[in-house]
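Biologist: I am new to this one. Please show it to me, and let me ask how each label is earned.

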Amino acid sequence: GAFLRAVEEGTVPKGSWLLVENLDRLSREPAFDASYTMQGIIRAGVTVVDLSDNGGLGREYNMETLRSDQGLMHLMAMLLSFARGNQESAQKGRRVGEAYANKRAVFASDQKLTKPYTRRLPAWIRWNTETTTYELIEDRAERLRWMFEMADDGMGAHSIAAQLNEAGVGTWGAGGWKARYWHRSYIRKLLTNKAAIGIFVPHRVEKVEGKRSKQRIPQEPIAHRFPPAIDRELFERVNARLN
């Protein structure tokens, strides 16, 4: 789709050749949808070459070859290639899904961990490779408790962020993820994160029906892997106020 727009906008001139290792590199959509995109590129005046086809010699797809006496053979080869790529992609997706489901099952059990379920952790928790457990980063956990106490006393997220910025407290993060200043939205995110009371909520990502976007679907919470930094009653009072 992005390549087709580039052709339509003139970034890629008509008469260009697009070489692909295999047609499944062009699209992993169902054959009908993939062929529609392919036809759009061809109708825009671009020749697409599948380098893996025709005994390694490559197969050319353009208006001339698809309208020739061999056009039906080319069309069938294109559809079969897209169908095979879509099936392989679906199978890979199922295998990856099963692997993550097994990983979640181990994490949700009482089985001793040998490696982390995830390294994308709340900012106040880290993985200890020696004990193979998650543990609190004490100075950050203490800062988090202060935020909850201030919120419990009636201070808003904007005021909490302002106090942190005025005090010159460094933000949490690393590299490109590290913000220059504390923001109200991030404070609210911290105050509503159940990981503060030791509850980890894994998510499953799936495509939105008929769209290219994805949505994160929460799974069954796991309450015994993350160390709690905040008392549950304090957490519930603050969240009742925020909501």
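Modeller: Start with the largest pocket. In this predicted model, its volume is about 1800 Å³.

Biologist: What makes a residue part of the lining of the largest pocket?

Modeller: A lining residue has an atom within 4 Å of a pocket point. For the largest pocket, 41 residues line it. Thr118, Arg120, Leu121, Phe200 and Arg216 lie nearest its centre.

Biologist: Which elements give two or more residues to that lining?

Modeller: They are helix H4 (71-108), E4, H7, strand E6 (203-207) and strand E7 (214-218). H4 brings the largest share, 6 residues.

Biologist: How do the lining residues divide into nonpolar, polar and charged?

Modeller: The lining has 21 nonpolar, 7 polar and 13 charged residues. Arg counts as charged, so Arg120 and Arg216 of the lining belong to the charged group.

Biologist: Now the largest nonpolar core. Why is Trp124 called buried?

Modeller: Trp124 is a member of that core. Core members are buried, which means under 20% relative accessible area. Therefore Trp124 falls under that cut-off.

Biologist: Which members of the 37 touch the most others?

Modeller: Trp124, Leu144, Met147, Phe148, Trp182, Ile187 and Ile230 do. Helix H5 (138-152) is among the elements that each supply at least two core residues. H5 gives the most, 6 residues.

Biologist: What is Trp182 in contact with, beyond four places in sequence?

Modeller: Its partners include Met147, Ala161, Leu164, Ile187 and Leu190. Contact means heavy atoms within 4.5 Å, so each of these pairs meets that limit.

Biologist: Which residues does the second, separate core include?

Modeller: Among its 19 residues are Val12, Leu23, Ala34 and Ile41.

Definitions and conventions. Residues numbered from 1 in each chain as written. Predicted model: local features only at pLDDT ≥ 70, side-chain atom pairs only at ≥ 80, totals over all residues. Heavy atoms only, no water. Core = buried A, V, L, I, M, F, W, Y, C linked by side-chain atoms within 4.5 Å. Buried < 20%, exposed > 50% of the residue type's maximum accessible area, 1.4 Å probe, protein only. Helix = DSSP H or I, 4+ residues; strand = E, 2+ residues; numbered from the N terminus. 1 Å grid on protein atoms, 1.4 Å probe; cavity = no way out; pocket = protein on both sides within 12 Å on 5 of 7 lines; lining within 4 Å. Points joined across faces, edges and corners; volume = space filled by probe spheres on them.
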